[in-house]
Amino acid sequence: MILDMAKSLWEKPMSMFATLENMYRIQQNGRPFLGTHLVLGSLIAEELQSKQRFGTHSTAAAEKEGRKIGTLSHKGFFFSSLNLRIANCQAILGAYQLFLWGKVSGCLDQLPDEQKALARILQTEAIKLSKQQITADWHAADASACSMSTTIMLHRHAT
């Protein structure tokens, strides 16, 4: 079952847990700067243009700087997408652990009374840890999505 989950992960990421997929989507309604270029005549655009005018190799330096920023944004995007994929895998494993520990309760009833209490404590702690792992992976995916939006903004600025 784990091998099937791992294989399906690469084909359809987060196909089993759609709520986790929605946690790292980027909403542009709070970040309008992601969908537009710099406005001509704005303070940032004029400052960039004034720096280009005073240099002797202003156009070559600007193109070189743009390529550097573009390369940096590509590497950052790759790193963020890798972190996002890792968070997906960890969240699926946390959900699988939660599923397994939920199924163990039927077997715990067959234990002797002194072992049953200890096994129940172990089960509740393992369920809490699985839920905490899923929550931590949600936050990791959210942080990766924020860094992806930053690299997209950098790439749009470089081009």
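Contact here means that heavy atoms lie within 4.5 Å of each other. The structure is a predicted model, in which local features need pLDDT of at least 70 and side-chain atom pairs count only at pLDDT 80 or more, while totals for chains, interfaces and linings use all residues. Residues are numbered from 1 along each chain as its sequence is written, and side-chain values use heavy atoms, with hydrogens and water left out.

**Exercise 1. Describe the overall make-up of the protein, beginning with its contacts and its helices and strands.**

Step 1: Among the contacts with a separation of 6 or more, 74% are between residues 24 or more positions apart.

Step 2: The protein has 6 helices and 0 strands, where helices (H or I, at least four residues) and strands (E, at least two) are DSSP runs numbered from the N terminus. The order of elements from the N terminus is therefore written α-α-α-α-α-α.

Step 3: Of the 159 residues, 22% are buried; buried means under 20% relative accessible area, exposed means over 50%, and partly exposed lies in between (1.4 Å probe, protein chains only).

Step 4: The accessible surface comes to about 11,400 Å², and carbon and sulfur atoms hold 63% of it, with areas taken from the Shrake-Rupley method with a 1.4 Å probe, where for residues only the protein chains shown count as cover.

**Exercise 2. Work out whether the length of H6 agrees with its number of residues, and find which of its residues are buried.**

Step 1: The expected span of a helix is 1.5 Å times one less than its number of residues. The 46 residues of H6 should therefore span 68 Å, and this agrees with the 67 Å between its end C-alpha atoms.

Step 2: The buried residues of H6 include Ala119, Gln123, Ser144 and Met148.

Step 3: Glutamine 123, which lies in helix H6 (residues 113-158), counts as buried because its relative accessibility is 6%. Apart from neighbours within four places in sequence, glutamine 123 touches Trp101, Gly102, Val104, Ser105 and Leu108.

**Exercise 3. Compare the settings of serine 80 and phenylalanine 78 in helix H4.**

Step 1: Serine 80 sits in helix H4 (residues 58-103), and it is buried because its relative accessible area is 2%. Beyond its neighbours within four places in sequence, serine 80 is in contact with Ser144, Ser147 and Met148.

Step 2: Phenylalanine 78 also has its place in helix H4, but phenylalanine 78 is exposed, because its relative accessible area is 57%.

Step 3: Together, Phe78, Leu82 and Ile86 make a nonpolar surface patch of about 290 Å²; patches consist of residues with over 30% relative accessible area and no salt bridge, with like charges joined within 9 Å and nonpolar side chains (Val, Leu, Ile, Met, Phe, Trp, Tyr) within 5 Å.

**Exercise 4. Find the salt bridge of the protein and describe its two residues.**

Step 1: Side chains of opposite charge can pair when their charged atoms come close. A salt bridge is a side-chain nitrogen of Lys or Arg within 4 Å of a carboxyl oxygen of Asp or Glu, and the count by this rule is 1.

Step 2: Aspartate 109 and arginine 120 form a salt bridge in which the closest N and O atoms are 2.5 Å apart. Aspartate 109 is in the loop between helix H5 (105-108) and H6, arginine 120 is in helix H6, and the two are 11 residues apart.

Step 3: Aspartate 109 is partly exposed because its relative accessibility is 44%, and arginine 120 is partly exposed because its relative accessible area is 28%.
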